[in-house]
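Trainee: Got a minute to go through this one with me?
Mentor: Yes, put it up.

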Amino acid sequence: MSADLPLEEPPGRLSEPAGPRDPDVYNRTYRRWDVYFAIVFAATFLFVLSGSDLGTGPRVVAAAFFAATAPWYVLVGRPVLLTEGEDQPRAVAYLVGLFLLFVVPSALVGETRIAIFALTPQCFMLLRMRRALIAVTVINIAPVVVWALVERPDSGDLFFNSLFAAVSCAFSLLIGSWIIMVLQQSAERARLIAELDATREEVARLSAAHGALAERDRLSREIHDTLAQGFTSLLMLVQAVESELDHDMPLAHGHLGLMARTARENLAEARALVAGAGPADLDGSSLPDALRRLAARHGEQTGSPARVEVSGAVRPLPAAVEVVALRGCQEALANARRHAGPGAAVTIALGYGEDALRLRVEDTGRGFDPRAPREGYGLAGLRARAAEVGGTAEVSAAPGEGTAVALELPVRPPAPVPHPSRPTVRTRSAR
C-alpha cells in the first residue's frame, strides 16, 4: 500500500461530530488541547530558564527560540489544526517550522525535550499514520543527534541521552498509536450515533406519515360507513318521493319524514365523527338494540323486512369490537339496499360466544359472482376494520342466490362469577 494512502484519520478530525448534535463541540475539544499545550509549553520554558548546569547565554538563546513556538502555534498551528486536512501543505509547513524552533534549543538545553509531549500529538493530528510515525521518530532522535554533533559529549552522556531518546520515541509511538486506535473507535461510535439519530428522524418521519395515512384511512372508512351511506339513503328517498308526488301523497309525506330523520341521524354521526366519539347508534345503547334500529330503518327505506336474531349471553364488549360489528352491519345493509333488488329479505344474526362475537348479515337478493372484478371501498374497508381488532370478514355470494357477510371478532371470555351458595374459602397451609 502506498504511503500516500490515508491509513487512519487524524485525531483532530476524529473528534469532530458526524451529526448535528452540538455545533461547538469541535472547538471545545481543541480548547482542551490548547490547555494541554500551554501547560507543556510553560513547564518546558521554566525548566529551560531554571537550570544551572549551563551558562546563562545558551539558556537565554534556547528560551528565545522556544518562546517563538507559542505565537507560531497560535497564529499558524491552531488554524491549521482547525481547518486543514492531513498532509496539506500548510500542515507540513507548520510542523517543519515547529521542528526548527524546537531542535535548536533542544540541542543547547536538554530540558527543552520535554516539549516532545506537546509536539507528538500534533504530528498525529496533522499527518497520516505512517508519516506521523516517521515525524515522531525524527522529533525524538534529531535533537540528540544535533546535540551530539555540537557538544561532542563523552560516551556516558551520549549513551544516557540516546537511551532517553529511544525510550521517549518508543513511548510516543506506542501511546500515539494507541490513542489513534481509541479515537478511531470513538469516531466510529460518533458516526454510528449520527446514523442512529438520522435513522430516528427518518423513523419519526415515516411514523408520522404512517400515522397520517392511518388516520386518513380511518376517516375514509368512517365517512363511507356513515355520511356516504346516509347520503345514499337520502338520494334513494328523493327518487322515491319524486315518483310518488303525483299519485301517492301520503306515502311521499312519509318518505319526506324519513328523509328528515335520516338527515338528523347523519348530522349526529358527523358531530360524533368531529368530536372523535363513538357511533351515535351506540351512545347509551347496547349492540343488539343498535342493530335492531338499523334493521328498522332498512325496512322503512326499502319496504323489505329485516330480522334480527341474537344468540348467546348478551354482555358489554370492548368498544372497538362493537364499533366494527355495527359498521359491518351498516355496510352489509347498504349493499343490500343498492344491489339486492326490491323485495329482498335480510337476516341479521348476532352471536355472543365465549371467545368471539359473530355477526352474519344475509339477504335473499340478486347476489353476484365473487370472482368478477369489483370496484368500491366498502368490503375492503370492512376487512380492514375486522383485521384491526384481530378478526376476519368474509363475503359469500352467488348470482341469484343472495349475499352473506360474516364477521368473527375475538373477545375476552367473561370473568367467572362466584356462585352465591359456594363462598370462597381461604385455606392456610400447614407449616
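Mentor: We can take confidence, then one helix, then salt bridges.
Mentor: This is a predicted model, in which local features need pLDDT of at least 70, side-chain atom pairs count only at pLDDT 80 or more, and totals for chains, interfaces and linings use all residues. Residues are numbered from 1 along each chain as its sequence is written, and side-chain values use heavy atoms, with hydrogens and water left out.

Trainee: What does the pLDDT average over the protein?
Mentor: The average is 77, and 80% of the residues score at least 70. pLDDT is the predictor's confidence in each residue, from 0 to 100.

Trainee: Where is confidence lowest, and where highest?
Mentor: Helix H1 (residues 11–14) has the lowest mean, 43, and strand S2 (residues 346–352) the highest, at 93. Helices (H or I, at least four residues) and strands (E, at least two) are DSSP runs, numbered from the N terminus. Over residues 1–26 the pLDDT is below 50, yet the model gives this stretch 59 contacts beyond near neighbours in sequence; a contact means heavy atoms within 4.5 Å.

Trainee: And how many contacts for residues 420–431?
Mentor: Beyond four places in sequence, 0, and pLDDT stays under 50 there too. Where pLDDT is low, the predicted coordinates should not be read in detail.

Trainee: Switching to H11: is it buried or exposed?
Mentor: Mostly covered, with 18 of its 22 residues buried. Buried means under 20% relative accessible area, exposed over 50%, and partly exposed in between (1.4 Å probe, protein chains only).

Trainee: What about the span of H11?
Mentor: H11 (residues 319–340) should span 32 Å, and its end C-alpha atoms are 30 Å apart, which agrees. The expected span is 1.5 Å times one less than the number of residues. Just after H11, Gly341 has a positive phi of about 95°.

Trainee: How many salt bridges?
Mentor: The count is 8, taking a side-chain nitrogen of Lys or Arg within 4 Å of a carboxyl oxygen of Asp or Glu. One of them joins Glu188 and Arg191, with the closest N and O atoms 3.2 Å apart. Both residues lie in helix H8 (residues 155–244), 3 residues apart, about one turn.

Trainee: Which residue pairs with Glu408?
Mentor: Arg358, with the closest N and O atoms 3.4 Å apart. Glu408 is in strand S5 (residues 403–410) and Arg358 in strand S3 (residues 356–363), so the salt bridge ties together parts that are 50 residues apart in sequence. Glu408 is partly exposed, at 38% relative accessible area, and Arg358 is partly exposed at 38%.
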